[in-house]
Amino acid sequence: MKTTVSTAPYGAWGSPIDAALAASLDGRPEYVGTVGDEVWWTAPRPEEGGRRTLVRLRADGTEAAALPAPWNARSRVIEYGGAPWAGLARPAGGPLIVFAHFDDQRLYAYEPDGAAAPRPLTPVSPVGGGLRWADLRIDADRGEVWGVLEEFTGAAPTEVRRVIAAVPLDGSAAEDRGALRELSGGAHRFVTGPRLSPDGRRAAWLAWDHPRMPWDGTEVILAEVADDGAFTGERRLLGGAGEAVAQVEWAADGMLLYVSDVSGWWNLRRIDPDAAPGAGPGTGSGAVSGTPLCPREEDFGGPLWALGLRWFLPLESGLIAVIHGRGPAALGVLDPETGELVDAPGPWTEYRATLAAAGTRVLGVAASPRSGYEVVELDTRTGRARVIGAAHVDPVDPAYYPEPRIRTFTGVDGREVHAHIYPPHSPDHGAPDGGPPPFVVWAHGGPTSRSPLVLDLEIAYFTSRGIGVADVNYGGSTGYGRAYRERLRERWGEVDVEDCAAVARALAEEGTADPSRLAIRGGSAGGWTAAASLATTELYACGTVSYPVLDLVGWADGGTHDFESRYLHTLIGPEEEVPERYRERAPLTHAGRVSAPFLLLQGLEDPICPPAQCERFLAETAGRGVPHAYLTFEGEGHGFRRAATLVRALEAELSLYTQTFGVTRTDISVLEFTT
């Protein structure tokens with residue numbers, strides 16, 4: 001039976017992809033690992049207040065949630081968190097799981113096959129946000145769990161210290177802070193969890209200090225591990241101010257594997273720690289550090305926005321599983337002796353930075369433009385890849401999914417700008433008469449990040465209603481080498497705004513988008529770009545700004561958390577050298593120039609971009625006759641996780657566009673504006 005095709009106006013199309021459906025599938029499996037023969041991972045539960053549960057895939061193939069409500073396996077270290085759990089298979093008694101509980105950030109031990117509730121392993125801190133933990137590993141021989149400890153020492157968000165520490169599994173530290181054993185010396189402001197050599201005699205980890213971010217420059221630290229587990233003889237092995245090492249692991253032969261961008265791309269390298277003095281190569285001066293194993297103009301790593309990310313993993317066979325690409329990220333298996341790299345088959349275009357291995361099996365999390373994120377297994381013996389967990393199930397007919405186009409545009413000064421273009425698409429509707437469709441330009445967060453090429457039901461929510469989406473990986477985005485990433489250095493608020501505008505104008509000039517019905521949206525750093533675009537260009541008819549950075553002076557002066565408190569040093573420039581730039585670039589300074597309708601969305605418990613910034617921005621725009629709406633959400637932090645919040649935010653955004661573009665819809669609440 002042939003489907004009747006309607007020619008309703010763009011933006012007025014009916015769609016089975018409603019906001020509730022998009023919200024129910026928000027999030028993805030993360031932090032995959034193995035516990036004996038079982039595969040485990042964290043999984044989102046937006047309908048349960050946005051908590052993260054643990055899911056286990058038993059050896060017989062059955063999948064089950066293994067952490068009951070209200071337990072929430074999510075770390076707040078550096079606010080963006082990191083690997084929040086570790087597991088141990090025991091000969092008797094079943095698996096032992098240690099996880100960080102979001103509500104109090106304590107570590108808990110849990111025996112999922114037993115009847116007892118999780119028991120605390122760490123105390124509640126009397127200061128600040130508690131003792132926080134991430135990037136965990138269980139040392140069964142010593143009866144401890146090792147990881148990164150973040151401890152607040154005062155009331156200010158920057159009064160914090162981080163060290164590698166050990167926690168007894170017997171629970172003795174739950175009431176006694178003194179029972180915790182600090183392993184690293186605390187010489188660096190930021191550290192990752194330790195990676196132990198095959199013989200257990202050495203530990204390696206990454207460290208960096210303000211004002212650098214981890215994608216600017218990190219150091220590989222090496223220490224000896226004494227019989228009692230103490231770290232001795234800490235020294236810098238390689239890395240420095242101009243070399244960002246994103247991950248370090250040990251090979252079975254005692255060589256150290258790491259991903260460094262010293263060549264301009266995050267490539268995998270190998271070094272003999274005994275042949276590399278601490279003051280040797282890799283100081284950031286351009287010297288080549290270690291031996292490249294597969295030199296390519298591709299990235300085999302990425303930005304350390306969380307601790308415990310893994311872009312590569314040594315296998316028992318001596319091969320190395322790697323996630324690599326230029327833009328989209330594929331899973332491959334690398335022979336470090338020959339440099340041969342064979343990619344896994346399958347439809348997946350994006351693998352997340354989480355890998356685990358069980359014998360010859362490599363486990364990861366991947367998605368494609370036709371499927372959400374799934375747990376995928378690659379058998380390195382046969383070369384076959386298959387979904388083993390969190391399998392994508394089409395909630396609607398896939399005919400409603402958008403059909404992305406990978407595009408490269410020409411921006412200011414002839415520079416390349418990468419983007420994914422999602423034109424309006426529906427099996428029920430054709431293009432109406434009267435010109436091209438409206439388009440919304442999406443600016444991703446970070447800004448040192450990237451928009452993946454995967455199925456996103458938020459994008460489908462708009463494209464299936466007749467509104468196109470241009471997802472822009474503007475200059476500063478990762479996945480395209482260090483030079484592309486550093487285009488944003490001291491030019492945040494310029495390059496990102498220019499690149500988004502270049503894509504929007506090109507789409508309008510070629511007839512893909514209606515130049516009078518362009519919008520822009522973004523969250524976090526993307527919210528900054530959206531707000532700056534509204535304030536400094538007249539290109540957009542409206543915009544959606546979510547949990548944004550708006551006031552640079554306030555943000556730099558204790559207005560955000562420690563991890564990003566010096567981020568502006570590279571994005572804008574050292575404040576002591578260019579103080580006027582902090583005022584001139586800020587959207588708050590130019591709020592009076594905003595003339596297009598806008599929607600502000602803000603979580604009231606956001607420690608990264610607090611509500612005060614939105615409130616100051618609104619005070620500057622009040623009474624100027626610009627239609628706007630400000631929606632706040634109790635219990636939400638930086639990025640929304642609760643289903644009710646996601647539904648309200650998405651429907652409000654659609655209402656902004658339909659009202660601005662002159663489209664009538666009766667299936668959503670009308671967003672009320674003030675002026």
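How many nonpolar, polar and charged residues does the lining of the largest cavity have, by class? That lining has 4 nonpolar, 3 polar and 5 charged residues. The model is predicted. This briefing covers its cavities, a pocket, a strand hairpin, two nonpolar cores and one loop residue.

**Cavities**

- A search of the whole structure finds 5 cavities of 30 Å³ or more.
- The largest cavity has a volume of about 140 Å³.
- Its lining includes Trp215, Asp216, Thr448 and Gly476. Arg482, Arg485, Glu486, Leu488 and Arg489 are also among the lining residues, as are Tyr567, Thr570 and Leu571.
- Helix H3 (482-485) supplies at least two residues of this lining, and so does helix H7 (568-571).
- The second largest cavity holds about 80 Å³ of space.
- Asp135, Thr192, Gly193, Arg195 and Leu206 are among the residues that line the second largest cavity. Others in that lining include Ala246, Gln247, Val248, Leu304, Gly308 and Leu309.
- Strand E18 (245-250) gives the most to the lining of the second largest cavity, with 3 residues.
- By class, this second lining divides into 5 nonpolar, 4 polar and 2 charged residues.

**The second largest pocket**

- The second largest pocket has a volume of about 1,300 Å³.
- This pocket is lined by 37 residues, and the closest to its centre are Thr34, Arg137, Glu249, Arg310 and Leu313.
- Several strands give two or more residues to the lining, including E1 (30-35), E5 (85-88), E9 (131-139) and E14 (195-196). Strands E18 (245-250), E22 (312-314) and E26 (350-358) do so as well.
- The pocket lining has 23 nonpolar, 8 polar and 6 charged residues.

**Strand E9 and its hairpin**

- Of the 9 residues of E9, 8 are buried, so the strand is largely enclosed by the rest of the structure.
- E9 pairs with strand E10 (residues 144-152) in the antiparallel sense, over 7 bridges.
- Asp139 has Glu144, in E10, as its bridge partner.
- The hairpin of E9 and E10 has 4 residues between the strands. There, Gly143 takes a positive phi near 65°.

**Nonpolar cores**

- In soluble globular proteins, nonpolar side chains tend to be buried together.
- The largest nonpolar core here has 124 residues. Phe99, Phe231, Trp492, Val503, Tyr540 and Leu552 have the most contacts inside this core.
- Helix H4 (residues 495-509) gives the most to this core, with 7 residues.
- A second, separate core has 41 residues, including Val396, Ala460, Ala519 and Leu631.
- Leu552, from the largest core, touches Trp492, Trp528, Leu568 and Ile572, among others, not counting residues up to four places away in sequence. On the same basis, its contacts also include Arg581, Tyr582, Arg585 and Ala586.

**Glu575, a loop residue**

- Glu575 is found in the loop between H7 and helix H8 (579-585).
- Glu575 is partly exposed, with a relative accessible area of 33%.
- Leaving out residues up to four places away in sequence, Glu575 touches Ala556 and Tyr582.
- Glu575 and Pro70 are 505 residues apart along the chain. Their C-alpha atoms are separated by 43 Å.

Notes: Residues are numbered from 1 along each chain as its sequence is written. This is a predicted model: local features need pLDDT of at least 70, side-chain atom pairs count only at pLDDT 80 or more; totals for chains, interfaces and linings use all residues. Side-chain values use heavy atoms; hydrogens and water are left out. On a 1 Å grid over the protein atoms alone, a cavity is a set of points where a 1.4 Å probe fits but cannot get out, and a pocket is an open set with protein on both sides within 12 Å along at least five of seven lines; lining residues have an atom within 4 Å of a point. Grid points are joined across faces, edges and corners, and a volume is the space filled by probe spheres set on the points. Ala, Val, Leu, Ile, Met, Phe, Trp, Tyr, Cys and Pro count as nonpolar, Asp, Glu, Lys and Arg as charged, and the others, Gly among them, as polar. Buried means under 20% relative accessible area, exposed over 50%, partly exposed in between (1.4 Å probe, protein chains only). Two strands pair if DSSP finds at least two bridges between them. A nonpolar core is a set of buried Ala, Val, Leu, Ile, Met, Phe, Trp, Tyr and Cys residues joined through side-chain atoms within 4.5 Å. Contact means heavy atoms within 4.5 Å.
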